[in-house]
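Work through the exercises below with the sequence and the model open. Try each task before reading its solution.

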Amino acid sequence: MTAVLAWRILMHEKGRNILAVGGISVAILMIFLQLGFYASVPRAGMLIYDKLRFDILLTSSSYVHMGQSYLFPRRRVYQALDVPQVESATPFYEGEAYWLSRENRTLREIFVMGVDPGTDSFTVSDVERQGTHLRQSDTLLIDSASLPMYGPQVSDRTVELNGRAVTIAGRYSLGTGVIGLGAIVMSDLNFTRVFPDRPLATVSLGLLRLKPGSDPDRVAAQLRSILPADTRVFTRAGIAAHETDFWRHRTSTGLIVGSGVAVSVIVGIVI
């Protein structure tokens, strides 16, 4: 009897009920949409870190986020090898360069990552497969997610980086996340050619890999005790927490999206 009564109430004014159901559905959709945006902000900040091989990350003490990492001495990376549980230590270089398309003379900024081609720093198969290309002078790999403003992403195309002629040797698929509109990978030696004021003796990051069975938290504590104050030590969980906090609470993007979540919940309750 109760079900019959409820059904008759719903059918009494069909248009009004359809409008009410539609409004509630839109409110629920808006809430989940904003929650999706809110969850995607820190994931975008960790996009590249998730594709780098490391158990512990060394950064400058001034580190803010990946796109603003600052520099510290490379010898700190190798000092980490004094801890017996550290199996390998790899310097990592990054910076922003001016990309000039020769076809239309368009100048854009692009994010540049420099690695030793002899190391398997990335877990991206496209980068690993094309390691021999990176060993050649003045070559680079471009992320397929880079925007069309950088021109055709074709092999053997010559462009200029900070005024130096370089050649696209191939593409890789990773994504740029929050670091910019485009990204490239090149060898550490080519990196110093593009950034002549950035010697190999100063690095952006240090990628440490531990021996099997090692406790990252314990090793991180040991490293903090032996490394000078100019170096900061993160475990994978630590850098993830740092990036999440930064992008959600210290940037306009995170604050706006967080406010959007709050507003959508309030509007949903009202509806």
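The exercises cover a buried helix residue, the nonpolar cores, a loop glutamine and a surface patch.

This is a predicted model, in which local features need pLDDT of at least 70, side-chain atom pairs count only at pLDDT 80 or more, and totals for chains, interfaces and linings use all residues. Residues are numbered from 1 along each chain as its sequence is written, and side-chain values use heavy atoms, with hydrogens and water left out.

**Exercise 1.** Locate Ala220 and decide whether Ala220 is buried or exposed.

Solution. Step 1: Ala220 sits in helix α7, residues 216-226 (helices are DSSP runs of H or I with at least four residues, strands runs of E with at least two, numbered from the N terminus). Step 2: Ala220 counts as buried because its relative accessibility is 0% (buried is under 20% relative accessible area, exposed over 50%, partly exposed in between, with a 1.4 Å probe and protein chains only). Step 3: not counting residues up to four places away in sequence, Ala220 touches Ile56, Val233 and Thr235 (contact means heavy atoms within 4.5 Å).

**Exercise 2.** Find the residues that touch the most other members of the largest nonpolar core.

Solution. Step 1: this core has 33 residues, and those sought are Ile56, Trp99, Leu140, Leu161, Leu208 and Leu223 (a core is a set of buried Ala, Val, Leu, Ile, Met, Phe, Trp, Tyr and Cys residues joined through side-chain atoms within 4.5 Å). Step 2: strand β3, residues 86-101, gives the most to this core, with five residues. Step 3: another core, of 27 residues, lies apart from it and includes Leu52 and Phe54.

**Exercise 3.** Which residue's side chain makes a polar contact of 3.0 Å with the side chain of Gln153?

Solution. Step 1: Gln153 lies in the loop between β5 (139-143) and β6 (158-161). Step 2: Gln153 is buried, because its relative accessible area is 16%. Step 3: the partner at 3.0 Å is Arg171 (a polar contact is a pair of N or O atoms within 3.5 Å; within protein, one must be able to donate a hydrogen and the other to accept it, and residues adjacent in sequence count only if both atoms are side-chain atoms). Step 4: a polar side-chain atom of Gln153 also lies 3.1 Å from the backbone oxygen of Ser146.

**Exercise 4.** Place Val267 and classify its exposure.

Solution. Step 1: Val267 is in helix α9. Step 2: Val267 is partly exposed, because its relative accessible area is 32%.
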